[in-house]
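Colleague: I would like a close look at one part of this model: the charged side chains and what surrounds them. Please begin with the surface as a whole and then work inwards to the details.

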Amino acid sequence: MHPGTHLLAGWTLANVAELSNRDRAIVTAACVVPDLDGIGIVVELATRNASEPLLWYSSYHHLAGHNIGFALLCSLIALALADRKWLTAALTFLSFHLHLLGDLVGSRGTDGYQWPIPYLEPFSDAWQLTWSGQWLLSSWQNNAITVLLMVTAIFLAWRQGFSPLAMVWSSGDRVFVDTLRARFGEPTQE
């Protein structure tokens with residue numbers, strides 16, 4: 001799935017409980033952070049015409065960050081940084097796995113290649129997750145999930161008074177929420 005879809009999925013999950021802005025950001029980031037192992041594309045592209053190109057993307061994407069070891073590391077970091085430590089760590093672990101699920105079902109390349117997910121790394125390379133029905137990255141299914149998550153984020157922003165923007169730009173978030181409420185009215189108090 002696309003990074004934006006992962007971000008919206010993580011943010012939606014982060015809203016299942018009452019969390020501080022920081023804790024929501026931690027849970028949201030956990031659904032995006034596995035793709036840090038794709039940063040090697042920069043080095044690979046920069047060295048592609050060298051006599052010995054560095055194949056950091058080809059070698060490490062879906063290896064370094066898409067596994068149980070990295071999920072546990074992210075959860076431990078969440079435990080250390082969060083306000084609601086155990087809840088945020090648990091949601092971080094779940095959010096990380098939401099990313100893996102998204103990649104498992106919707107990240108096939110146009111050439112038909114499926115990035116296997118080496119789930120048990122760094123402890124073992126015995127279990128490589130793939131699914132024969134995996135959708136293309138540009139599939140209608142991925143696009144539909146993204147649109148559904150965008151609508152959910154807009155609804156939650158209207159109802160709760162904050163959006164994903166709150167993680168990085170509080171004044172922009174306030175304008176966004178105020179605009180939604182001016183257009184659709186104030187949510188009723190339950």
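Modeller: Happy to. The chain exposes about 10,800 Å², and carbon and sulfur atoms supply 67% of that area (accessible areas come from the Shrake-Rupley method with a 1.4 Å probe, and for residues only the protein chains shown count as cover). Please keep in mind that this is a predicted model, in which local features need pLDDT of at least 70 and side-chain atom pairs count only at pLDDT 80 or more, while totals for chains, interfaces and linings use all residues. Residues are numbered from 1 along each chain as its sequence is written, and side-chain values use heavy atoms, with hydrogens and water left out.

For orientation, the chain has eight helices and two strands (DSSP runs numbered from the N terminus, with helices being H or I over at least four residues and strands E over at least two). From the N terminus, the order is α-α-α-α-α-α-β-β-α-α. Of the 190 residues, 42% are buried (under 20% relative accessible area, with exposed meaning over 50% and partly exposed in between, for a 1.4 Å probe and protein chains only).

Now to the charges. Side chains of opposite charge can pair when their charged atoms come close. Searching the whole structure gives three salt bridges (a side-chain nitrogen of Lys or Arg within 4 Å of a carboxyl oxygen of Asp or Glu). One of them joins Arg 22 and Asp 83, whose closest N and O atoms are 2.7 Å apart. Because Arg 22 belongs to helix α2 (residues 21–30) and Asp 83 to the loop between α5 and α6, this pair ties together parts 61 residues apart in sequence. Both partners are partly exposed: Arg 22 has a relative accessible area of 46%, and Asp 83 has 43%.

Another bridge is formed by Asp 178 and Arg 174, at 3.2 Å from N to O. These two sit in helix α8, four residues apart, or about one turn of the helix. Asp 178 is partly exposed at 41%, as is Arg 174 at 36%.

Glu 186 also forms a bridge, with Arg 181, where the closest N and O atoms are 3.7 Å apart. Here the partners contrast: Glu 186 counts as exposed at 58% relative accessibility, while Arg 181 counts as buried at 16%. Glu 186 is placed in the segment after α8 (170–184). Leaving aside residues up to four places away in sequence, Glu 186 touches Trp 158 and Arg 181 (a contact means heavy atoms within 4.5 Å). Glu 186 and Arg 159 are 27 residues apart in sequence, yet their C-alpha atoms are 7.9 Å apart in space.

That brings us to the ring next door in this description. Trp 158 shares helix α7 (residues 140–160) with Phe 155, three residues away, about one turn of the helix. Phe 155 itself is partly exposed, at 43% relative accessibility.

One more charged side chain deserves a glance. Arg 24 lies over the face of Phe 162, at 3.7 Å from the ring centre (a charge sits over a ring if NZ of Lys or CZ of Arg is within 6 Å of the ring centre and within 35 degrees of the ring normal).
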